[in-house]
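Biologist: I am new to this structure and would like a close look at a single part of it. Could you take me through the charged residues inside the protein and then through what surrounds them?

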Amino acid sequence: MHGPASHGWLLVALCAATGAYCLLRMRSRVEEQRRAAGSEALMGFGMAAMAVPAAVFTPPSWAWPVYAAVFGAAALHALWSARAGTHHLHHLVGASAMVYMAVAMAAAPGHEGGHGGSGVPGVTGALLLYFTGYVLLSGARLVPVAAAGAEVAWGDRPELARACRLSMGIAMVAMLLTL
């Protein structure tokens with residue numbers, strides 16, 4: 001990422017906190033929630049790693065293909081899982097966006113380690129439209145859901161899961177804007 005280092009660190013903190021909460025959600029009693037939380041934790045920590053300011057750490061040239069391979073595998077897993085539910089299509093788009101950003105950063109000419117690269121404007125624009133729409137729709141849906149009867153465990157709170165997804169969508173928009 002290029003731009004002020006403080007913005008990069010805020011993005012790292014947001015993504016790392018989101019990834020950590022998603023790890024907590026993996027302890028849920030609901031199997032589908034555990035699976036989704038695992039994909040979202042990978043996305044959160046991967047976004048945190050990609051957002052570290054270049055002035056602090058410039059990844060070696062082999063790091064970007066590794067990012068692309070990891071998120072390519074995550075995209076294939078999301079594609080396979082989409083048979084069970086449409087929510088996995090969002091994971092597919094997110095993982096594909098991470099592959100796209102890793103490839104764009106690796107291919108950036110004249111930038112150390114790929115930071116400050118630029119992608120294909122049409123693809124970047126389409127991803128920006130998707131994630132902006134996702135953020136707006138998720139924000140509108142972010143209304144606390146009342147617990148039915150018994151106390152709900154911390155990892156099973158639907159409004160916190162929505163807030164987690166919303167913050168990752170906002171982070172994705174920020175990363176695409178600085179690509």
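Modeller: Both Arg 25 and Glu 40 are buried, and in this predicted model their side chains meet in a salt bridge, with 2.6 Å from N to O. That pair links distant parts of the chain, since Arg 25 belongs to helix H1 and Glu 40 to helix H2, with their positions 15 residues apart in sequence. Glu 40 takes part in a second salt bridge, where its side chain meets that of Arg 165 at 2.7 Å, again N to O. This second pair also links distant parts of the chain, with Arg 165 in helix H6 and Glu 40 in helix H2, 125 residues apart. Arg 165 has a relative accessible area of 19% and is therefore buried, the cut-off being under 20%, while Glu 40 counts as buried because its relative accessibility is 3%. Through the shared partner, Arg 25, Glu 40 and Arg 165 are joined by salt bridges into one network. A search of the whole structure finds two salt bridges.

Another residue in contact with Glu 40 is His 91, which lies in helix H4. His 91 has a relative accessibility of 8%, so it counts as buried. If its neighbours within four places in sequence are left aside, His 91 is in contact with Ala 36, Ser 39, Glu 40 and Ala 78.

The helix that holds Glu 40 can now be followed along its length. H2 runs over residues 31–50, has 20 residues and reaches 29 Å from its first C-alpha to its last, which is close to the 28 Å expected at 1.5 Å a residue. Glu 40 is one of a series of buried residues in H2, which also includes Gln 33, Ala 36, Ala 37, Ala 41, Met 43, Gly 44, Gly 46, Met 47, Ala 48 and Met 50. These buried residues of H2 pack against four helices, namely H1 (5–25), H3, H4 (87–107) and H6 (158–177). Met 50, found in helix H2, counts as buried because its relative accessibility is 0%. Although Met 50 and Gly 8 are 42 residues apart in sequence, they are 9.5 Å apart in space, C-alpha to C-alpha.

From H2 the view can move to one of the helices it packs against. H3 has 19 residues and reaches 27 Å from its first C-alpha to its last, close to the 27 Å expected at 1.5 Å a residue. Its buried residues are Ala 63, Trp 64, Tyr 67, Ala 68, Phe 71, Ala 74, Ala 75, Ala 78 and Ser 81. Because they cover an arc of only 145 degrees around the axis, they are on the same side of H3. These buried residues pack against H2 and H4, whereas the face of H3 turned away from its buried side carries the exposed residues Leu 76 and Trp 80.

Between H2 and H3 there is a loop, and Trp 62 is found in it. Trp 62 is exposed, because its relative accessible area is 56% and the cut-off for exposed is over 50%. Together with Leu 42, Val 66 and Val 70, Trp 62 makes a nonpolar surface patch of about 370 Å².

For comparison, helix H5 (residues 121–141) can be read in a similar way. H5 has 21 residues and reaches 30 Å from its first C-alpha to its last, close to the 30 Å expected at 1.5 Å a residue. In H5 the buried residues are Thr 124, Leu 127, Leu 128, Phe 131, Tyr 134, Val 135 and Ser 138. Their arc around the axis is only 135 degrees, which puts them on the same side of H5, and what covers them includes H4 and H6. On the other side of H5, Pro 121, Gly 122, Leu 129, Leu 136 and Ala 140 are exposed.

Stepping back to the whole chain, there are six helices and zero strands. Buried residues make up 42% of the 179 residues, and residues 24 or more positions apart account for 75% of the contacts that have a separation of 6 or more. The accessible surface of the protein chain comes to about 9300 Å², of which 70% belongs to carbon and sulfur atoms.

Terms used:
Residues numbered from 1 in each chain as written. Predicted model: local features only at pLDDT ≥ 70, side-chain atom pairs only at ≥ 80, totals over all residues. Heavy atoms only, no water. Patch = residues over 30% accessible without salt bridge, like charges linked within 9 Å, V, L, I, M, F, W, Y side chains within 5 Å. Areas by Shrake-Rupley, 256 points an atom, 1.4 Å probe, with all protein chains shown as cover. Salt bridge = Lys/Arg side-chain N within 4 Å of Asp/Glu carboxyl O. Helix = DSSP H or I, 4+ residues; strand = E, 2+ residues; numbered from the N terminus. Buried < 20%, exposed > 50% of the residue type's maximum accessible area, 1.4 Å probe, protein only. Expected span 1.5 Å × (residues − 1). Contact = heavy atoms within 4.5 Å. Arc of directions from axis to C-beta.
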